Amino acid sequence: FFAIQHEVFMEHLYEKLQVIESDRHPLSNMERLKAITGPLLSWYDDHARSLPWRDQPDPYRVWVSEIMLQQTRVEAVKPYFNRFMEVFPDVKALAEADEERLLKMWEGLGYYNRAKNLQKSAKVIVESYDGRLPGSYEELLKLPGIGSYTAGAIASIAFGVPVPAVDGNVLRVISRVLASEEDILKASVKKKTEDDLRKIMPHHRVSAFNQGLIEIGAIVCVPNGPPRCHLCPLASLCLTRRFKSWDSIPVKSPKKPRRIEKRTILLLETDKHQIAIEKRPDSGLLASLYQFPNLEGSFDEAQLWRLLTSRGAEIKSIESAGTARHIFSHVEWQMNGYRIFLKGDIPAPYLSADVSQLRTKYPLPNAFGAYIKLLSGES
């Protein structure tokens, strides 16, 4: 018993220690990476945030959380995750979900293909894996919507498989520790980082190792603004800190400028407060979601009156609904809205919905959030 206790004590003590580097004998990259393990694990033990998927890390919860966290902040995900778990508590419930119900539950998270791929994967898991996520990294990679990072995260966190989970946070931390000037947006750089971490990660604590790196990137070595080096357990090993070059590392190739699209939003409304909506195509941007009718380009009230009456609409009045802007990954919508009051019913081929149905039934993207608030009397 005492021997075991002594071994545990010594292991914890070693994790608290940091490697002191000699100027005459600097560490190699692999030695530097290996040296982060002890301080990283010790820091994670003391500073890991309590998160609903982290506190109960069963495979399904880990998987759903990782998909939600793609392109989305942790604090924004929490309420969506808890609500999602209540409605779809397991793989079977997700596989059998009505797609519109699923998209409505996802509303506000954006990148809706993530939700569709979740359901596609859930159906595969039910059919091929008896309703349980496979524990193999290679099998996880075969599922729709799961790449190397997500497969690594699920395999290591939920199943203890010694495989890295390299996302943008991890790439930023590692590139700064090594003062690497390689472009982290290149697939080859990510692959090399995965290979290097696989060699040095401690097999008995793969979950803590991966989550620790992600956590440091999320709350210490942050993406926007100066890193909080005074809080970082890797500070003594970090070459970027030593050279004071955090503003140039990590290196990222410049993104292509977003395409600007002008759109005119039509809020067609009847005396009975019914509003026109339509379903978007099953592929492309915002596939299968609902939207307010809209036109590409900019139109004024006179142009809209002529256009809509030529299509058979009976208009009582038109008033401005204000402007709004929404940024997607590769395109920006600059919108100008009009509230168009009709004499009769909602014309075909549009669907008719009231404000409560916009809130509870039909999945509408956040792009139209300002106009939903207007119709709800919130602005």
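**View 1. Phe292, Phe328, Trp333 and Phe368 come together as one aromatic cluster.** Rings of Phe, Tyr and Trp (its six-membered ring) pair here if their centres lie within 6.5 Å; planes under 30 degrees apart are stacked, over 60 edge-to-face and the rest tilted. This is a predicted model, with local features needing pLDDT of at least 70, side-chain atom pairs counting only at pLDDT 80 or more, and totals for chains, interfaces and linings using all residues. Residues are numbered from 1 along each chain as its sequence is written, and side-chain values use heavy atoms, with hydrogens and water left out.

**View 2. Tyr290 and Tyr362 make one of the eight aromatic pairs found in the whole structure.** Their ring centres sit 4.9 Å apart with the planes at 65°, so call this one edge-to-face. The two are 72 residues apart: Tyr290 belongs to strand 3 (residues 290–291), while Tyr362 is in the loop between helix 17 (355–360) and helix 18 (369–375). Helices (H or I, at least four residues) and strands (E, at least two) are DSSP runs, numbered from the N terminus. Tyr290 is buried at 6% relative accessibility, and Tyr362 is buried at 9%; buried means under 20% relative accessible area, with a 1.4 Å probe and protein chains only.

**View 3. Phe328 and Trp333 are both buried.** Here the ring centres are 5.1 Å apart and the planes at 75°, so this pair is edge-to-face.

**View 4. Helix 6 (residues 74–87) tucks away Val74, Val77, Tyr80, Phe81, Phe84 and Met85 as its buried residues.** Their cover includes helix 5 (59–69) and helix 9 (113–128).

Note on methods
Buried < 20%, exposed > 50% of the residue type's maximum accessible area, 1.4 Å probe, protein only. Contact = heavy atoms within 4.5 Å.
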